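Open the model in your viewer and keep the selection tool at hand. The stops below go from one selection to the next.

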Amino acid sequence: MTEPTEERSLANLLAQSKTKSRSQRWGWVLVGVALVGVAVWALRPKNEAKHTYITASVTRGPIDVNVTADGTLMPERVVSLGSSLSGIVERVAVDVNDAVKKGQVLIELDRANAQGRVARARATLTGAEARVAEALARENEAELGWTRMENIRRRSGGQLPAQADMDAQAATLASAKAGVLVAKAAVEDAKAALTMAETDLDKTLIRSPIDGVVLARSVEPGYAVAASLQAVELLELGSDLSELELTVHVDEADIGVVKPGQATYFTVSAFPNETFPAELVKVAYGSTRTANVVTYTAYLRVKNPNLKLRPGMTASTTIATGHADDVMLVPNSAFRFEIKDETANKPKVTAGPPHRQVVEKHRTETAVHGERHRTLYVMRDGEPHQIEVITGLNDGVQTAIRSDELKVGDQVIVDRKKAKK
């Protein structure tokens, strides 16, 4: 009875052991499957999360490109009127805003001293002229004496007069001729002194050198003018204010497109709701550097028939440098958009401007034709596709383009946002 019982117990133990081994085996299989699943999940492509692209439509219409610059209105000519002669101001004939004519007497200095110098110079000239007459008389007398001595010597057969007397008379004649030259030089000197004195007398009457208007006055009767190395400024005159000059400072980044003849308008603070036309007549080649900022001066002519504009006003100027009608337009943000290397067969581009390869590829053509080849992305069948376009005018917001691959209404990508997982 004991043996069969033991055999049954052993058989049960073996059966239980086989069942336990089979359960453990299946447990390890399940653990392996779970680990494989975790690995697959961990190594899944990171770009599975889809992106939502923000797009803008390609449009058609006009585009205007402008350059802005600030400047100052001034008369075409500004003259600082002064005096190179010292003296006391006796009379001021004009005031601020008075119109003046060329040659008109504006200021009169005390003339007494200048008139005295003129009188003295004239007297000196008269004396010099008298000394010329005296020198001529001496010369004539010496010549007559020389002639007599020659006649005597010829008649005496060379015996008389003595050679010493002949030499003395020749010296007297030469001295007389030199005296005439000295006297005549003194006359010229006296004439020059008289001219200078008369010029100083004329300078006591300060006249206008231009037709214009008085902009500023800094002198009154009784004012003592002390002229030294620099003329003292008494009045500031401006040319006719019906035509002004506007000088503006154009940034070096914009100067390449600014040219004479371009349409221009400006505003001033005194009339903020009104625009005034101007004519761009000249662009200076010389530059001005202020705080490491390089600018170039442009000169504009402004008509001011009603004298509404005044010298010294600050003007905000807009220069029309480009215009095109009926062109395809895309927003500038389309050129800043980039797609990183999501797949192996898509080009890799970096943030910012178009990728270097495209720029390098068309560098020569850009220099020759003045056009720029750039890339952007357009949505086709729900997917972004990179295309190349030729860009034109850019007004800072949108750019004119030419492309056979784009048409009005196409959606170009300007940005994207990553969808939540």
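Does the distance between the end C-alpha atoms of helix α2 agree or disagree with the span expected for its 44 residues? Select residues 112–155 to see this helix. At 1.5 Å a residue the expected span is 64 Å, and the end C-alpha atoms lie 65 Å apart, so the two agree. This is a predicted model, as are all the distances read from it.

Stay on α2 and colour its buried residues: A114, V118, A121, L125, A128, V132, A135, E139, A142, G145 and M149. An α-helix has 3.6 residues a turn, so residues three or four places apart point the same way. Now add residues 163–203, which are α3; the buried residues of α2 pack against this helix. Just after α2, look at G157, where phi is positive, about 70 degrees.

Zoom out to the whole protein. The secondary structure comes to 6 helices and 19 strands. Of the 421 residues, 31% are buried.

Next, select L73, F266 and L309. These residues have the most contacts inside the largest nonpolar core, which has 26 residues. Strands that each supply at least two residues of this core include β2 (59–75), β12 (263–268) and β15 (314–331). The largest share, 5 residues, comes from β14. Centre the view on L309 and show what surrounds it: beyond its neighbours within four places in sequence, L309 is in contact with L73, L244, F266, V268, F276, V302 and N304. A second, separate core has 18 residues, among them V89, L106, L109 and L237.

Turn to the aromatic rings. The whole structure holds 4 aromatic pairs. One of them joins Y53 and F337 edge-to-face, with 6.3 Å from centre to centre and 80 degrees between the planes. Y53 lies in strand β1 and F337 in the loop between α4 and α5, so this pair ties together parts that are 284 residues apart in sequence. Add Y377 to the selection: its ring centre is 5.6 Å from that of F337 and the planes are at 90 degrees, so this pair is edge-to-face. Y377 belongs to strand β16, so the link with F337 ties together parts that are 40 residues apart in sequence. Ring pairs thus link Y53, F337 and Y377 into a cluster. Y53 and F337 are both buried, and Y377 is buried with a relative accessible area of 4%.

For the last stop, select two lysines with their rings. The charged end of K282 sits over the ring of Y299, 4.8 Å from its centre. The charged end of K308 sits over the ring of F271, at 4.7 Å from the ring centre.

Notes
Residues numbered from 1 in each chain as written. Predicted model: local features only at pLDDT ≥ 70, side-chain atom pairs only at ≥ 80, totals over all residues. Heavy atoms only, no water. Core = buried A, V, L, I, M, F, W, Y, C linked by side-chain atoms within 4.5 Å. Buried < 20%, exposed > 50% of the residue type's maximum accessible area, 1.4 Å probe, protein only. Helix = DSSP H or I, 4+ residues; strand = E, 2+ residues; numbered from the N terminus. Contact = heavy atoms within 4.5 Å. Expected span 1.5 Å × (residues − 1). Phe/Tyr/Trp six-rings, centres within 6.5 Å; stacked < 30°, edge-to-face > 60°. Lys NZ or Arg CZ within 6 Å of the ring centre and 35° of its normal.
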